[in-house]
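Please look through the structure below with the text beside it. The paragraphs that follow take a few residues at a time and say where they sit and what they touch.

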Amino acid sequence: KSYTAGVVVEEVLKANAVEPFKPEVKYGMIVNELLVTEDFIKRNQRFTDLLSNSFVSPEILKQLSILPRKIFDFRKIAFNKKYTIISHADSLRTVKALVYEPNPIDYVIFHFEDSLHVEVCQREVVTVEKNITGTIQSSLSETIEDLGISHELTNKFVDIFGWQVDFQHLQKGDRFKLIYEENQVEGKPISIGKIEGIYFEHFGRQYYGLPFDQGDGIDYFDEEGKSL
């Protein structure tokens, strides 16, 4: 098979092509050549305990010790909350930053290079409309578990119909449909927003729940406008 000079050059370039650099970004930092360690706060751990297996300069540690509480109150780090240590891949595991996440929305970045800098950040919350339909097979709790409905949504559902339906005496074949708002962060559900509508069929009787704000917050009413 014969090749022109241009084809030969193209084949050589392909053979020696370097994969384009794909930056991996966490908390706004490129971490491709860094060590990323994720963990959760253990009982009775202090903030400085989180750094015990890494190196932080004495100057930064001193700045941490005098950090005003209005910037960050170290007494408020809580059990089982997530934190991430981003460090250099040197023998000391020199820390570049530590990220503490008190909840799915908020996170605090402690930058340790050059001098201490604390950055308080929030993830974007996206509200998505969702709906779910179910039929009672044995009990509400089992149906809820089978459908993967959150306890928060279940509690709101039960609260709205608390005076109309005896949820301890549901029967097989009772049906319901929920239309609701789900708050998400990075595609993961974090909480339930407003329930936009409920249909419930119990012993052949139909119940509706529709939200309306009369100025004092949202209340729920049936299809005839009667308060639930």
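A residue is called buried when its relative accessible area is under 20%, exposed when the value is over 50%, and partly exposed in between. A salt bridge is a side-chain nitrogen of Lys or Arg within 4 Å of a carboxyl oxygen of Asp or Glu. The model shown is predicted.

Begin with aspartate 222, which lies in the segment after β12 (218-221). Which side chain of opposite charge is nearest to aspartate 222, and how far away is it? The nearest is lysine 226, at 5.5 Å. A salt bridge needs the two atoms to be within 4 Å, and aspartate 222, although buried, has no salt bridge. The side chain of aspartate 222 does have a polar atom 2.9 Å from the backbone nitrogen of glutamate 224. Leaving out residues up to four places away in sequence, aspartate 222 touches Tyr208, Leu210 and Leu228.

Leu228 also appears among the contacts of isoleucine 160. Isoleucine 160 is found in helix α4, which covers residues 151-160. Is isoleucine 160 buried or exposed? Its relative accessible area is 9%, so isoleucine 160 is buried. Apart from neighbours within four places in sequence, isoleucine 160 is in contact with Ile195, Ile198, Tyr220 and Leu228. The C-alpha atoms of isoleucine 160 and serine 227 are 9.9 Å apart, while 67 residues separate the two along the chain.

Another pair can be set beside that one. Glutamate 142 is found in helix α3 (residues 140-147) and is partly exposed, with a relative accessible area of 44%. Glutamate 142 and valine 185 are 43 residues apart along the chain, and their C-alpha atoms are separated by 28 Å.

Next come the charged pairs. Side chains of opposite charge can pair when their charged atoms come close. How many salt bridges does the structure hold? It holds eleven. One of them joins lysine 26 and glutamate 38, with the closest N and O atoms 3.9 Å apart. This pair links distant parts of the chain: lysine 26 is in strand β1 (residues 25-26) and glutamate 38 is in strand β3, twelve residues apart. Lysine 26 has a relative accessible area of 26% and is therefore partly exposed. Glutamate 38, at 43%, is partly exposed too.

A salt bridge also forms between the side chains of aspartate 49 and arginine 46, at 3.5 Å from N to O. Aspartate 49 is partly exposed, with a relative accessible area of 26%, whereas arginine 46 is exposed, at 56%.

Lysine 130 and glutamate 182 form a further salt bridge, and here the closest N and O atoms are 3.6 Å apart. Why does this pair tie together parts that are 52 residues apart in sequence? Lysine 130 lies in strand β8 (residues 126-135) and glutamate 182 lies in strand β9 (residues 175-185), so the salt bridge runs between those two strands. Lysine 130 counts as partly exposed because its relative accessibility is 32%. Glutamate 182 counts as buried, at 8% relative accessibility. Salt bridges that share partners also join Lys26, Glu38 and Lys82 into one network.

Now turn to the backbone. Most residues other than glycine have a negative phi. Asparagine 44 is not a glycine, yet its phi is positive, at about 65°. Asparagine 44 is found in the loop between β3 (34-40) and α2 (58-65). With 77% relative accessibility, asparagine 44 counts as exposed. Phenylalanine 203 is not a glycine either, and its phi is also positive, at about 55°. Where is phenylalanine 203 placed? Its place is in the loop between β10 (188-202) and β11 (205-213). Phenylalanine 203 counts as exposed because its relative accessibility is 53%.

The last stop is on the surface. Phe21, Val25 and Ile30 make a nonpolar surface patch of about 330 Å². Within this patch, isoleucine 30 belongs to strand β2 (residues 29-30). Isoleucine 30 has a relative accessible area of 48%, so it is partly exposed.

Methods. Residues are numbered from 1 along each chain as its sequence is written. This is a predicted model: local features need pLDDT of at least 70, side-chain atom pairs count only at pLDDT 80 or more; totals for chains, interfaces and linings use all residues. Side-chain values use heavy atoms; hydrogens and water are left out. Patches are made of residues with over 30% relative accessible area and no salt bridge: like charges are joined within 9 Å, nonpolar side chains (Val, Leu, Ile, Met, Phe, Trp, Tyr) within 5 Å. Accessible areas come from the Shrake-Rupley method with a 1.4 Å probe; for residues, only the protein chains shown count as cover. Helices (H or I, at least four residues) and strands (E, at least two) are DSSP runs, numbered from the N terminus. Buried means under 20% relative accessible area, exposed over 50%, partly exposed in between (1.4 Å probe, protein chains only). Lys and Arg count as positive and Asp and Glu as negative; His and the chain ends are not counted. A polar contact is a pair of N or O atoms within 3.5 Å; within protein, one must be able to donate a hydrogen and the other to accept it, and residues adjacent in sequence count only if both atoms are side-chain atoms. Contact means heavy atoms within 4.5 Å.
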